[in-house]
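Here's a quick briefing to read alongside the model. Have the sequence and the 3D view open as you go.

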Amino acid sequence: MIDYRIKTFLKLCETMNYRKTAEQLNMTQPAVTQHIHFLENEYKCKLFIYDRHTLQITKEGILLKNYSENLQYQEEKLLEQMEIAKQKEYAIGATKTIGEYVITDKIAEYLKTPTNNILIEIDNTNRLLSKLQKGELDFALIEGFFDRNEFGSEIYKSEPFVGVCSNTHHFANKTIPLESAFSETLFIREKGSGTRTILEQVLAEQNYTTSNFMRNICISNFGLMSQLIRENLGITFAYEAILKSQPYLSPFYIEGLNIVRDFNYVYLDNPNSISIVNKFKEIL
């Protein structure tokens, strides 16, 4: 079993606050401090430091965190395997574009086998990565950025990233200068979304931000967003895959920019996770 002090350490990594860690673990704050001091003495290094009254994890702390997350995940898999009577259920995550527009037919094919069970978490990139760190998911299909030093990964597929507008919009199926798009209302996903992060990066590379558009409207649900775009109330930027199920929307392209990004399997880098990913690669 994982040492209880490691579990305290992982909770502190999550909260980055001794008081909150103590509250969530039903411990006293001095007990949390004692657990961390024990680990620092054991590994002969500082795991956390204070920088201007803000708690920061050290490089050594990050190494222990990555190792401990893998250990925690493998322990959970061991406990699952020991429950012989329990039917196997895989837990996977997918970012919203992938979950809603890319893997539907593949998951349907998987579920045609009566003994196959699956839990699917659809959420934005940041929240899925957090669940992976906690061992709550076996792997996630991610469209955004992630730390390759912390997670293992393999490419699922590459997908063009395009402008999206109504079929009746004057941008529809055309290539336009980026500056022409700034006269439009931009519908943008919530912070933490891979789609939003990619758009912000692309704009930054051209020395622009989303504030260059006439107006920014944040909407986390693409169903609502697509209806507003259909009514010519604005535009967005998204993966081309979403257009397959949106007959009233069309792509448009930006001059000089051929934007293609990878969808990735992202997982904790350990044998159990890799084995599960390999099984799903045959399906997805």
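How many disulfides does the structure hold? Zero. Bear in mind that this is a predicted model. The notes below start with the cysteines, then move on to a helix and a buried threonine.

**Cysteines**
- The sulfur of Cys13 has its closest cysteine sulfur in Cys45, 12 Å away, which is too far for a bond.
- A disulfide needs the two sulfurs within 2.5 Å, and looking from the other side, the closest cysteine sulfur to that of Cys45 is the one in Cys13, at 12 Å.
- Cys13 counts as buried, at 11% relative accessibility.

**Helix 7**
- Helix 7 covers residues 125-133, and Thr125, Leu128, Leu129 and Leu132 are buried in it.
- Down the axis of helix 7, those buried residues fall within an arc of 100°, so they line one face of the helix.
- An α-helix has 3.6 residues a turn, so residues three or four places apart point the same way.
- What do the buried residues of helix 7 pack against? Their partners are strand 3 (90-94), strand 4 (118-122), strand 5 (139-142), helix 9 (194-205) and strand 12 (260-267).
- At the N-terminal end, Asn124 acts as the cap, with a side-chain oxygen 3.2 Å from the backbone nitrogen of Asn126.
- After helix 7 comes Gly135, with a positive phi near 80°.

**Thr236**
- Thr236 sits in strand 10 (residues 236-239) and is buried, with a relative accessible area of 4%.
- A polar atom of the Thr236 side chain lies 2.7 Å from the backbone oxygen of Phe187.
- Thr236 also touches a set of residues including Val162, Val164, Leu186, Phe222, Met225, Ile229 and Phe252.

Note on methods
Residues are numbered from 1 along each chain as its sequence is written. This is a predicted model: local features need pLDDT of at least 70, side-chain atom pairs count only at pLDDT 80 or more; totals for chains, interfaces and linings use all residues. Side-chain values use heavy atoms; hydrogens and water are left out. Buried means under 20% relative accessible area, exposed over 50%, partly exposed in between (1.4 Å probe, protein chains only). Helices (H or I, at least four residues) and strands (E, at least two) are DSSP runs, numbered from the N terminus. The arc is that of the directions from the helix axis to the C-beta atoms. Contact means heavy atoms within 4.5 Å. A polar contact is a pair of N or O atoms within 3.5 Å; within protein, one must be able to donate a hydrogen and the other to accept it, and residues adjacent in sequence count only if both atoms are side-chain atoms.
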